[in-house]
Structure formats: C-alpha cells, structure tokens
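This report describes the architecture of a protein chain, with attention to strand pairing, aromatic contacts and nonpolar cores. The structure is shown below for reference.

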Amino acid sequence: MSEAIFRGISGRLHRFAVYRPDADFAVAPAVYCFARPGLGGRGWIPLFLSRTANLAKRLASHEQWPEAQLLGATHVLVCEH
C-alpha cells in the first residue's frame, strides 16, 4: 500500500494510507480525504477533507464523492487515529 505525507500548519507530518474508492474501509475513526494524483503522477492533491467516527459507514455512500470525481478524485487517503 502506498502512502501520502502532508505537513500540517503546525509543521507536524501526517501520514495517510492511499486506497481505491471501492476498498473495504475499517470500522474506525479517521481523517480522510478524496484526492487526485499530482502533476506528472507525483504526490497527491487533496480535494475534500473531513473526519468521521466510523470510516466504513461514512464512505459507504458519501454524498461528496461524485463531485470530487468531477474534480479528478481517484483515491481516498486515510489517516486512522
């Protein structure tokens, strides 16, 4: 599995696992984002960021996914707590 690392405003690094949108997500709290590949396939560009108490339930039919796809989203990045 690949990962994406982002630096927060505090300077702290945050590691996100990269998943296809049809993956089996954990029943666990997490911060997640819908993302598209960066220019030249390098890195990730977050398009929508949120958090949830139950990742599997939240992503089962997320109302923002179709709009994120229109913006180029291809993957879900997940940082479990």
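Which residue in strand 5 stands opposite Phe 34? The residue is Val 76. The model is a predicted one, and the average pLDDT of its protein chain is 94, with 99% of the residues at 70 or above. Among the elements of the chain, strand 3 has the highest confidence, at a mean of 97, and strand 1 the lowest, at 92.

**Sheet**

An open sheet is built from five strands in the order 1-2-5-3-4, with antiparallel pairing. Its edges are strand 1 (3-7) and strand 4 (44-52), each of which pairs on one side only. From one strand to the next, the twist averages 30°.

Strand 3, residues 30-37, pairs with strand 5, residues 75-80, over six bridges in the antiparallel sense. Besides the position of Phe 34 opposite Val 76, Tyr 32 stands opposite Val 78 in strand 5. Strand 3 also pairs with strand 4, again in the antiparallel sense, over eight bridges; here Arg 36 stands opposite Ile 45. The hairpin of strand 3 and strand 4 has six residues between the strands, and Gly 40 takes a positive phi near 70° in this hairpin. Six of the eight residues of strand 3 are buried, which leaves the strand mostly covered.

**Aromatic pairs**

The structure contains six aromatic pairs. Two of them are listed here.

| Pair | Centre distance | Angle between planes | Class |
|---|---|---|---|
| Phe 6 and Phe 16 | 5.6 Å | 80° | edge-to-face |
| Tyr 32 and Phe 34 | 5.9 Å | 50° | tilted |

Why is the pair of Phe 6 and Phe 16 edge-to-face? Its ring planes stand at 80°, and an angle over 60 degrees counts as edge-to-face. Because Phe 6 lies in strand 1 and Phe 16 in strand 2 (residues 13-19), this pair ties together parts that are ten residues apart in sequence. Phe 6 is partly exposed, with a relative accessible area of 22%, whereas Phe 16 counts as buried at 7%.

In the tilted pair, Tyr 32 is buried at a relative accessible area of 0%, and Phe 34 is buried at 1%. Tyr 32 and Phe 34 belong to one aromatic cluster with Phe 48 and Trp 65.

**Nonpolar cores**

In soluble globular proteins, nonpolar side chains tend to be buried together. The largest nonpolar core in this model has 13 residues. Phe 25, Tyr 32, Phe 34, Leu 55, Leu 59, Val 76 and Val 78 are those with the most contacts inside it. Two or more residues of this core come from each of strand 2, strand 3, helix 1 (55-59), helix 2 (65-70) and strand 5. Strand 3 gives the largest share, three residues.

Which residues does Val 76 touch, leaving aside those up to four places away in sequence? Its contacts are Ala 17, Val 18, Tyr 19, Pro 21, Phe 25, Tyr 32, Cys 33, Phe 34, Leu 59 and Trp 65. A second core, separate from the largest one, has eight residues, including Ala 4, Val 18, Cys 33 and Leu 77.

Strand 3 thus links the topics of this report: Tyr 32 and Phe 34 form a tilted aromatic pair, stand opposite Val 78 and Val 76 respectively, and are among the residues with the most contacts in the largest core.

Definitions and conventions. Residues are numbered from 1 along each chain as its sequence is written. Side-chain values use heavy atoms; hydrogens and water are left out. Two strands pair if DSSP finds at least two bridges between them. Helices (H or I, at least four residues) and strands (E, at least two) are DSSP runs, numbered from the N terminus. Axes are lines fitted to C-alpha atoms, for helices over the stretch in contact, and angles run from 0 to 180 degrees between N-to-C directions. pLDDT is the predictor's confidence in each residue, from 0 to 100. Rings of Phe, Tyr and Trp (its six-membered ring) pair if their centres lie within 6.5 Å; planes under 30 degrees apart count as stacked, over 60 as edge-to-face and the rest as tilted. Buried means under 20% relative accessible area, exposed over 50%, partly exposed in between (1.4 Å probe, protein chains only). A nonpolar core is a set of buried Ala, Val, Leu, Ile, Met, Phe, Trp, Tyr and Cys residues joined through side-chain atoms within 4.5 Å. Contact means heavy atoms within 4.5 Å.
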